[in-house]
Amino acid sequence: DFRKAIEYHEKNLTIATEIGDQAREGRAYENLGVTHKSLGDFRKAIDYHEKHLAVAIEIGDQAGEGRAYGNLGVAHRSLGDFQKAIEYHEKDLKIAKGISDQLGEGVAYGNLGNAYGSLGDFPKAIEYNDKALKIAIEIGCQVGQRAVYGNLGNLYNSLGDFRKAIEYHKKHLKIA
């Protein structure tokens, strides 16, 4: 129930603003952006993610800044602006590496892989997904592994390497 979620996130934002809790305000903007993305309203999602980014930068929340860049990248990819998505995901990756956030690094690699896949640059998409997979395995993140296996299966399918595609989709299915 995304409409109900928006209602609660807006209440959270109002409270955060009233009490001057900028960290909470930033998270409310982030949640509103994610929820609007789920509804397919990517322009509104971008507005909220830009607000989250501004707050994160202002309060020095590097992890939040990275997530904001990642969310902006996902929204721009959804709108078909793959180059802009890549720019944002590269910023996210740089921050994740800088703060030693392995999970964030893996997510950024996966998002970069998706953006390059959308551009039809399958070798680069596979390269980034391989990096994401390595991290997901290293940190034991099965959700990440599952997503990357699915991405790799789709990429190899696009390349016509059906044996490899089946291999990755079987790994995806096993975790799912």
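Helices here are DSSP runs of H or I of at least four residues, numbered from the N terminus. Keep that numbering in mind for the whole tour of this predicted model.

**Stop 1: helix α1**

Select residues 2-19. This is helix α1, and N12 has its place there. Now show what surrounds N12. Beyond its neighbours within four places in sequence, N12 is in contact with R24 and A28. Add Y29 to the selection. N12 and Y29 are 17 residues apart in sequence, and their C-alpha atoms are 9.5 Å apart in space.

**Stop 2: the whole chain**

Zoom out and colour by secondary structure. The protein chain has nine helices and zero strands. Its pattern along the sequence reads α-α-α-α-α-α-α-α-α. The radius of gyration is 17 Å, close to the 16 Å that the globule rule gives for 176 residues, so the chain is as compact as a globular protein of that length. Turn the C-alpha trace along its principal axes: the spans are about 55 × 35 × 30 Å.

Switch to contacts. Of those with a separation of 6 or more, 42% join residues 24 or more positions apart. Then switch on the surface. The chain exposes about 9,500 Å², and carbon and sulfur atoms supply 49% of that area. Buried residues make up 41% of the 176 residues.

Colour by charge next. There are 24 positive and 25 negative charges. The mean positions of the two sets are 6 Å apart.

**Stop 3: the largest nonpolar core**

In soluble globular proteins, nonpolar side chains tend to be buried together. Which residues have the most contacts inside the largest nonpolar core? Select Y109, L112, Y116, L152, L155 and Y156. The core they belong to has 22 residues.

Now bring up the helices that build this core. At least two residues each come from α5 (82-98), α6 (102-118), α7 (122-139), α8 (142-158) and α9 (162-175). The largest share is from α7, with seven residues.

Centre on Y109. Leaving aside neighbours within four places in sequence, its contacts are L93, K97, Y128, N129, K131, A132 and I135.

There is a second, separate core too. It has eight residues, including A68, L72, A75 and I95.

**Stop 4: H89**

Select H89, which lies in helix α5. Is H89 buried or exposed? H89 has 1% relative accessibility and counts as buried. The cut-off for buried is under 20%.

Show the residues around H89. Apart from neighbours within four places in sequence, H89 is in contact with G70, G73, V74, A108, N111 and L112. One of these, L112, also appears among the residues with the most contacts inside the largest nonpolar core. Now draw a line from H89 to I15. The two are 74 residues apart in sequence and 31 Å apart in space, C-alpha to C-alpha.

**Stop 5: N71**

Move to helix α4, residues 62-78, and pick N71. Its relative accessibility is 18%, which counts as buried. Residues up to four places away in sequence aside, N71 touches E30, V34 and H49.

**Stop 6: the loop between α5 and α6**

Select S100, found in the loop between α5 and α6. What is phi of S100 near? The value is near 55°, positive in a residue other than glycine. S100 is exposed, with a relative accessible area of 64%.

**Stop 7: P123**

Go on to helix α7 and select P123. Here the relative accessible area is 57%, and P123 is exposed. Measure across to D21. P123 and D21 are 102 residues apart in sequence and 44 Å apart in space, C-alpha to C-alpha.

**Stop 8: Q145**

Finish in helix α8, where Q145 has its place. Q145 is buried, with a relative accessible area of 11%. Show its surroundings. Not counting residues up to four places away in sequence, Q145 touches L133, A136, I137, G140 and I175.

Technical notes
Residues numbered from 1 in each chain as written. Predicted model: local features only at pLDDT ≥ 70, side-chain atom pairs only at ≥ 80, totals over all residues. Heavy atoms only, no water. Core = buried A, V, L, I, M, F, W, Y, C linked by side-chain atoms within 4.5 Å. Buried < 20%, exposed > 50% of the residue type's maximum accessible area, 1.4 Å probe, protein only. Contact = heavy atoms within 4.5 Å. Rg over C-alpha atoms; globule rule 2.2 N^0.38 Å. Areas by Shrake-Rupley, 256 points an atom, 1.4 Å probe, with all protein chains shown as cover. Lys, Arg positive; Asp, Glu negative; His and termini not counted. Charge placed at Lys NZ, Arg CZ, Asp CG, Glu CD.
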